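Me: I would like a close look at a single part of this protein. Please stay with one helix and what surrounds it, then place it against the rest.

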Amino acid sequence: MKSTPIIFSLLGIFLLLTACYEPDMTTNETDVNLKSTAVKKVLVVGIDGCQYEKISNVDTPNMDAFNMTKAFAGGITGTSSEQATSSGPGWMSILTGVWVNKHGVPNNSSGTYKSQAKSVYQYIKEANPSLTISSIATWSPIHEFLQDQMSFVDHRYDGGDDDDALNRAIYEVNTNSPDFLFVHFDNVDHVGHASGFSTSYNNSIKDMDNRLGQLVSAVNQHAQQNNEDWLIILVTDHGREPSGGYSHGSQTESEKTIFIGMNKVGNEEFTSTVNQLPNQTFNGIYGYPSQTSVTPTVLSYLGIDIDANWQLESTSLVGSVGPRKVMFNTNNDLYWYSQSPADAQIYRNNELIATVPATQGSYSDSGASFGKVNYTVVVDGQTGSVQKNNSKIIAGLDWNDALDNVAYFFRSDMSYVKYNKLSDAAYSGYPKPVDNSTWSGLDSYKDKINTAFKWSNDKGFFFLNDGTFLRYDMNNDAVDGGYPKPINNSTWPGLEGYGDKIIAAVKWNQSRVYFFLNNGTYIRYSITNDSMDAGYPKQINNSTWPGVGNYANNITSAVDWSAQYFYIFLDNNTYIKYDKYTDSAVSGYPKPVNNSTWPGLMN
């Protein structure tokens with residue numbers, strides 16, 4: 001019993017010391033100790049095409065050991081961030097932290113597109129060149145899309161199957177011990193395409209879980225032996241179509257639903273959803289983290305400060321909780337969610353324009369510039385970004401029959417896009433500026449273009465807002481000499497007085513051209529007679545143009561597309577598909593102009 005007073009005395013000293021100790025509250029109360037002396041390392045495990053909801057159908061003890069949250073892919077539907085729920089755009093968003101309007105990879109055509117954005121690899125190396133990086137991609141286009149980023153990777157491996165990827169990843173952990181390791185597994189997606197949601201698909205998830213267990217075991221063993229603290233992130237690139245799970249790529253809730261798992265407890269962005277969002281579509285999926293959260297999470301865990309100029313879309317899932325769910329509200333004002341007592345800095349195109357309390361949660365910008373505008377909100381060292389393009393399609397020019405798979409679109413930011421009709425996507429490297437090197441003779445008039453249309457296989461016309469026009473020689477690829485000329489009854493019989501009002505034109509087969517005017521009327525022009533038909537202008541309504549009448553005053557341009565269809569573009573960046581055979585708009589339009597409907601057109 002003599003030891004009892006000593007025990008109580010020691011306990012009293014311990015309680016006294018505990019009472020005097022004040023915990024450090026500068027970081028979030030999570031399992032992520034950003035101030036630990038252990039060496040920080042990150043492993044991102046990419047499981048291609050794994051449907052979040054299907055994991056619960058399978059015995060997955062290794063995945064179950066992770067903290068998991070539902071997340072979303074595919075950007076925000078109907079905005080400039082919308083992207084196909086496909087592997088190319090998905091993995092680029094995971095590895096760059098931005099959506100397609102910034103990384104520029106709209107589909108899986110690795111020979112056509114490459115990422116225009118910095119990747120997590122470059123951010124790591126630029127912050128600390130001594131850190132080492134390994135990247136393993138069973139689907140090699142991941143590295144091909146990032147070809148300009150591969151110089152930042154110390155050890156790169158392409159191809160093979162999932163067992164090869166597992167063995168290589170374990171080798172990397174044990175031999176090279178990289179500070180950041182990305183490993184991509186492809187078989188779950190491969191089986192999904194072949195068998196859909198089936199027993200085979202469930203078994204592929206179980207096999208993946210077994211591989212994960214082996215990889216995590218190797219990481220844990222190496223960490224214990226070398227005083228390392230690994231953050232392991234699980235993520236998939238897209239969900240699958242809901243009916244059978246065979247395909248993906250569209251904007252459905254099932255295809256947009258992904259998951260993010262971590263071997264640590266994340267911050268509030270990871271553990272809680274934001275319910276009061278201006279966009280409640282897909283059952284509130286935008287209240288969850290997005291696949292763009294992975295890059296800032298990796299950087300934050302490695303102690304790399306986030307720069308506002310990077311325009312990363314999402315806040316980190318560990319450490320400080322920055323602005324959450326940055327988007328536009330119904331009034332087109334900037335929205336975010338934050339409970340931080342700190343201020344929020346608002347950047348427009350990388351220039352600071354305002355500082356407001358973070359809890360304010362919204363900002364109205366009265367000085368928005370024309371064209372592409374990016375807003376970045378900074379709170380507690382973390383960022384969230386959103387972009388909109390104030391540019392509009394002002395003219396479309398179908399090219400000559402020798403290149404009838406090509407159309408050119410001119411935008412209000414005085415740029416143009418070359419568009420491939422066959423692949424239904426913009427060519428890589430666009431938009432480009434309209435100048436005399438790209439459109440010989442057009443540079444002086446690029447700010448005056450009202451519309452363009454093809455007259456023949458040799459000639460096209462540009463109508464300008466000052467009532468004049470240019471004739472363009474498609475064979476010589478230059479404006480013809482002697483132009484511009486006035487639009488009058490000598491050059492265009494019947495159009496005198498309407499030249500500066502024509503804002504769209506489309507050639508209807510070989511017999512006529514329709515001109516749409518800015519006052520909601522239209523003119524029919526006979527190619528055979530080379531003059532305006534009698535009785536025009538007429539009102540654009542649902543009798544003369546079924547399905548277009550409600551948008552008569554919103555038309556900005558039109559482009560002929562085929563013998564059956566042409567497209568009408570509207571001032572809110574939506575469009576109408578018009579059927580010449582039925583002489584009516586196709587049902588379901590207008591639709592938004594974005595990277596799902598017109599890949600690359602508004603980048």
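What follows is one request about a helix and one connected reply.

Me: Take helix H3, residues 87–96. Which of its residues are buried, and what is Ser 87 in contact with?

Reply: A caution to start: this is a predicted model.

Start with Ser 87. This residue is found in helix H3, which spans residues 87–96. Its relative accessibility is 4%. Buried means under 20%, so Ser 87 counts as buried.

Now its surroundings. Neighbours within four places in sequence are left aside here. Ser 87 then contacts three Asp residues: Asp 48, Asp 189 and Asp 237. It also touches Asn 108, Trp 139, His 238 and His 248. With Asp 237 there is a polar contact between the side chains, at 2.8 Å.

Next, the helix as a whole. H3 is mostly covered, with 10 of its 10 residues buried. After Ser 87 come Gly 88, Pro 89, Gly 90, Trp 91 and Met 92, buried too. Ser 93, Ile 94, Leu 95 and Thr 96 complete the buried set. Gly 97 follows H3, and its phi is positive, near 80°.

Helix H13 makes a useful companion. H13 covers residues 294–301, and eight of its eight residues are buried. Among them are Val 294, Pro 296, Val 298, Leu 299 and Tyr 301. Gly 303 follows H13, with a positive phi near 80°.

Then the cores. The largest nonpolar core has 75 residues. Phe 410, Trp 439, Phe 462, Trp 492, Phe 515 and Phe 516 have the most contacts inside it. Strand E25, residues 502–508, gives the most to this core, with six residues. Apart from it lies another core, of 46 residues. Trp 91 and Tyr 301 are among its members, as are Ile 142 and Val 235. Trp 91 is one of the buried residues of H3, and Tyr 301 is one of those of H13.

Last, a helix pair elsewhere in the chain. The axes of H7 (residues 162–176) and H9 (residues 199–226) come within 9 Å and cross at roughly 5°. Angles under 35 degrees count as roughly parallel, so H7 is roughly parallel to H9. On the H7 side, the contact includes Leu 166, Ala 169, Ile 170 and Val 173. On the H9 side, it includes Leu 215, Ala 218, Val 219 and His 222. By class, this contact has seven nonpolar, three polar and three charged residues.

Terms used
Residues are numbered from 1 along each chain as its sequence is written. This is a predicted model: local features need pLDDT of at least 70, side-chain atom pairs count only at pLDDT 80 or more; totals for chains, interfaces and linings use all residues. Side-chain values use heavy atoms; hydrogens and water are left out. A nonpolar core is a set of buried Ala, Val, Leu, Ile, Met, Phe, Trp, Tyr and Cys residues joined through side-chain atoms within 4.5 Å. Buried means under 20% relative accessible area, exposed over 50%, partly exposed in between (1.4 Å probe, protein chains only). Helices (H or I, at least four residues) and strands (E, at least two) are DSSP runs, numbered from the N terminus. Axes are lines fitted to C-alpha atoms, for helices over the stretch in contact, and angles run from 0 to 180 degrees between N-to-C directions. Angles under 35 degrees count as roughly parallel, over 145 as roughly antiparallel, 65 to 115 as roughly perpendicular and the rest as oblique. Contact means heavy atoms within 4.5 Å. Ala, Val, Leu, Ile, Met, Phe, Trp, Tyr, Cys and Pro count as nonpolar, Asp, Glu, Lys and Arg as charged, and the others, Gly among them, as polar. A polar contact is a pair of N or O atoms within 3.5 Å; within protein, one must be able to donate a hydrogen and the other to accept it, and residues adjacent in sequence count only if both atoms are side-chain atoms.
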